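Got your viewer open? Grab the mouse and follow along, one selection at a time.

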Amino acid sequence: MADTEDKAVRIELAQLRQEHRDLDAAVEALSVAGNADALQMQRLKKKKLLIKDRISSLEDQLFPDIIA
């Protein structure tokens, strides 16, 4: 992987991790409020899961499993 590609992946990874943390905080805030809309909670959790999958994919690009 070229240095520019590596840097771009690391930047995207950092942004996705921040977005995942923000969504986690939003889900927590809605659940604490007690008047959480079930559909909204479901959408936020689904988005979190998609972001987590993308994070895993990017991490695999940066740190591939090498079986020796």
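## Stop one: a bridge between helices

Start by selecting Glu-19, which is partly exposed, with a relative accessibility of 30%. Keep in mind as you go that this is a predicted model. Now add Lys-47 to your selection: Glu-19 forms a salt bridge with Lys-47, and their closest N and O atoms are 3.5 Å apart. Glu-19 sits in helix 1 and Lys-47 in helix 2, so this pair ties together parts that are 28 residues apart in sequence. Lys-47 is partly exposed too, at 41% relative accessible area.

## Stop two: more salt bridges

How many salt bridges does the structure hold? There are 5, and we'll drop in on two others.

Pick Arg-54 and Glu-12. These two form a salt bridge, with 3.2 Å between the closest N and O atoms. The pair links distant parts of the chain, with Arg-54 in helix 2 and Glu-12 in helix 1, 42 residues apart. Check the surface here: Arg-54 is partly exposed at 33% relative accessible area, and Glu-12 is partly exposed at 29%.

Next, select Arg-10 and Asp-6. Their side chains meet in a salt bridge of 3.2 Å, N to O. Both of these residues lie in helix 1, 4 residues apart, which is about one turn of the helix. An α-helix has 3.6 residues a turn, so residues three or four places apart point the same way. Arg-10 has a relative accessible area of 41%, making it partly exposed, while Asp-6 counts as partly exposed at 22%.

## Stop three: a lysine out of the open

Move over to Lys-48, in helix 2, which runs over residues 38-62. Is Lys-48 buried or exposed? Lys-48 has a relative accessibility of 17%, so it counts as buried. Show the side chain of Asp-24 as well: the side chain of Lys-48 makes a polar contact with it at 2.9 Å. Leaving out residues up to four places away in sequence, Lys-48 touches His-20, Leu-23, Asp-24 and Val-27.

## Stop four: along helix 2

Color the whole of helix 2. This helix has 25 residues and reaches 36 Å from its first C-alpha to its last, close to the 36 Å expected at 1.5 Å a residue. Which residues of helix 2 are buried? Highlight Met-41, Leu-44, Lys-48, Ile-51, Ile-55, Leu-58 and Leu-62 to see them. Helix 1 is included in what covers these buried residues.

## Stop five: the nonpolar core

Time to go inside. The largest nonpolar core has 12 residues in all: Val-9, Leu-13, Leu-16, Leu-23, Val-27, Leu-30, Met-41, Leu-44, Ile-51, Ile-55, Leu-58 and Leu-62. Helix 1 and helix 2 are the elements that give two or more residues to this core. In soluble globular proteins, nonpolar side chains tend to be buried together.

For a closer look, center on Leu-16. Setting aside neighbours within four places in sequence, Leu-16 is in contact with Ile-51, Arg-54, Ile-55 and Leu-58. You've met Arg-54 already, as the salt-bridge partner of Glu-12.

## Last stop: Ala-26

Finish on Ala-26, in helix 1, which covers residues 3-33. Ala-26 is partly exposed, at 30% relative accessible area. Try your distance tool from its C-alpha to the C-alpha of Leu-44: the two atoms are separated by 8.1 Å, although the residues are 18 apart along the chain.

Terms used
Residues are numbered from 1 along each chain as its sequence is written. This is a predicted model: local features need pLDDT of at least 70, side-chain atom pairs count only at pLDDT 80 or more; totals for chains, interfaces and linings use all residues. Side-chain values use heavy atoms; hydrogens and water are left out. Buried means under 20% relative accessible area, exposed over 50%, partly exposed in between (1.4 Å probe, protein chains only). A polar contact is a pair of N or O atoms within 3.5 Å; within protein, one must be able to donate a hydrogen and the other to accept it, and residues adjacent in sequence count only if both atoms are side-chain atoms. Contact means heavy atoms within 4.5 Å. A nonpolar core is a set of buried Ala, Val, Leu, Ile, Met, Phe, Trp, Tyr and Cys residues joined through side-chain atoms within 4.5 Å. The expected span of a helix is 1.5 Å times one less than its number of residues. A salt bridge is a side-chain nitrogen of Lys or Arg within 4 Å of a carboxyl oxygen of Asp or Glu.
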